[in-house]
Amino acid sequence: MKGKGTSDTVSVVDGDGNQCCWWWWLVHKGTTTTFLIVGLFALLVRAAVSLHPYSGFANPPKFGDYEAQRHWMEITINLPIQEWYRNSTSNDLSYWGLDYPPLTAYQSFIHGLFLRFVHPESVSLFTSRGHESYLGKLLMRWTVLSSDLLILFPAVLYFVIVRYGQPSRSRKSDIGWHIAMLLLNPCLILIDHGHFQYNCISLGFTIGAVAGVLSGKDLVACVLYCLALNHKQMSAYFAPAFFSHLLGKCLRRKHPLLEVSKLGFYVLGTFAALWWPYLYSKDSILEVLSRLAPFERGIFEDYVANFWCASSIIIKWKRLFTPESLRLLSLIATVITCLPSMIQQIKSPSNRGFLYGMLNCSFAFYLFSFQVHEKSILLPLLPASLLAMEEPFIFKWFMQFAMLSMFPLICRDGLVVPYFALLALFILIFDAPGQQRVKEGNYLYNYLGATTVRLVLFCYFILHIVYLTVNPPEKYPFLFEAIIMNVCFSQFVLVTLGCNIKQWVLNKPTKLEVDKKFI
C-alpha cells in the first residue's frame, strides 16, 4: 500500500490501485476536522463496547471493579471528606474501600452527584451495594464516556498539535493515522468501557504533560503530571522519566538551581491543593497513604506477565521470602532497570529520548515492581502509542501481546466479542493505506526474522483458540494462563531491551532549548 500524488493533490491508493478518496478527503480537511471525525467514530466504538458486561456483573457478594467505582461514589457523596479513607461503621474499608489518591475521590464525588440527581437509588448509603439496574449501568457508562471527552480527547489533540505543528500535505495522512491509533487503543477501550475503570483520566493528564514537555512548557507539564499521579498512583511508572528529563534540561540552563526550584514549587503546590483536606494532621495523611500501598496483597495477583509471576513457576518467591524481603527486592530491581534511561536523559535530554524513557521506565515498573495487575500494561502502552510513528512495528507487536496478556481477564468479564472486534479494527487501521511511517522500529523484526515473526504470530492466534475451546488438565487448571503469561513476558522483555538500546543510541544534542521539531 502506498501514497501517490502530485504537487497539487495527494491521493491514497490501496493494494489494488483504487483511489481511497474518502481517506484523502478526511485527512486533508485539516487536523481539527480529522480529529473530530475520528473522535466521533472512537466514541461510537466505546459506546458499542459499553453495551457488553462489566467486571463482576451478577457476581455477588463483592462483584468487581464496576461495583468498586460505584461504591466510591456512594461513599464520597454520603460521608464527610475526612472519612472517605477512614474505616468506620459507615465506611467498611474491607468492602471496596478507596485505595486511590484524592483526585480519584473527587472524581467519584462529582460523578456521584450526577448519579444521585438522576437515579438516587444507585448511590444511596448501604442500600445501594451491588446495585445493578439498567439505568444505573447506563449512567455509569456515561461517566466514563464524559471523562474521555473532557480529558483524554483534548489531551490527544494537544499532543498532536504540539507533535506535528503545521504539517505538510504528505504528513496529513500520517497525523490522521496517529490520531486513530491514540483514540482507538483497544486495550484502553476494553478496560475502561468494558471491564470498567477510569484510566482515561490519568492517562489523559499524562498525555497532556507529555505535550507540555515537548512544547517546552515544563511548568504546565509538572502540574498535569501531578494531576495524573494524584488520580492513580500507578502513574508513578512515569516518574523517573519525567524527573530525569526535566532535571537534565534544568542542568543545561543558565540558572539550574532556580529552574529546579520553580519545578519543585509547582509540584508541591499542586500536591498541597489536592491533599488540602487531609493536611490538618499527620494521622489523616497516613490514613490516605496506607490505602495507596496494598502490600498485604503480595508481590503479584492472578497471572500477570511480569518477572515475578513468570519466574514463580520455577522460583516460589512467596514461599522463599517474606513480604518485606520481596518489597526490597522489587524496589532494587525496579530502580536498577530504570537507571539506564534516567542517566541517558540527565546526560542528554531530548524529546524522543524522553518518550523512550517513559516507555523503558514504565516497563521497568511493570516487569519488576510490587503488586502489578494485568491492567497495568496500559502504562507502558501509552508511550509506545506516542512513538507509533517512529516505531510502528514495535507498537503493533507490543499492542498485540498486551491484548493477549489481558485475554484471560477479558474472558472472565464476558468481553470476548468486543476483544476480537477491537483487535481486528486495530489491525485494519494500523495497515491503512497511504502511510509513510518511519521504519526505524523494524530492528525487532530484523532481529527476530520473518520466519520467527510468522511462527510467533501463529502461536499467538492458536493460544486464543486453545484458551476458548480446550479444557486444561485437572492437575493444572491454570496451565493456559501460565503459558499466555510467559509468552507475553518474553515479548515484553524483547521490546524493553530493544527500546533501551534505541534510547542510548539517539543523537546527543549539544544545546537544548525549546525544541522546534521532534528529535
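Which element gives the largest share of the lining of the second largest pocket? I would like to come to that by way of the pocket itself, and I should say at the outset that what we have here is a predicted model.

The second largest pocket holds about 400 Å³ of space, and its lining is made up of 15 residues, with Tyr303, Ser312, Ile313, Lys316 and Ala482 lying nearest the centre. Two elements, helix H14 (317–320) and helix H22 (479–504), each give two or more residues to this lining, and to settle the opening question, the largest share comes from H14, with 3 residues. When the lining of this pocket is divided by residue character, we find 10 nonpolar residues, 1 polar and 4 charged.

Let me turn now from the pocket to the cavities. The structure has 4 cavities of 30 Å³ or more, and the largest of them has a volume of about 100 Å³. Four helices supply at least two residues each to the lining of that largest cavity, namely H5 (134–164), H6 (169–183), H8 (199–214) and H17 (378–386), and among the contributors H17 gives the most, with 4 residues. If you would like to find the place in the structure, the lining includes Leu152, Val156, Met181 and Leu182, as well as Asn185, Leu203, Ile207 and Ser385.

And how does the lining of the largest cavity divide into nonpolar, polar and charged residues? There are 10 nonpolar and 2 polar residues, and no charged ones, whereas in the lining of the second largest pocket, as I mentioned, 4 residues are charged.

Key. Residues numbered from 1 in each chain as written. Predicted model: local features only at pLDDT ≥ 70, side-chain atom pairs only at ≥ 80, totals over all residues. Heavy atoms only, no water. 1 Å grid on protein atoms, 1.4 Å probe; cavity = no way out; pocket = protein on both sides within 12 Å on 5 of 7 lines; lining within 4 Å. Points joined across faces, edges and corners; volume = space filled by probe spheres on them. Nonpolar A, V, L, I, M, F, W, Y, C, P; charged D, E, K, R; others polar.
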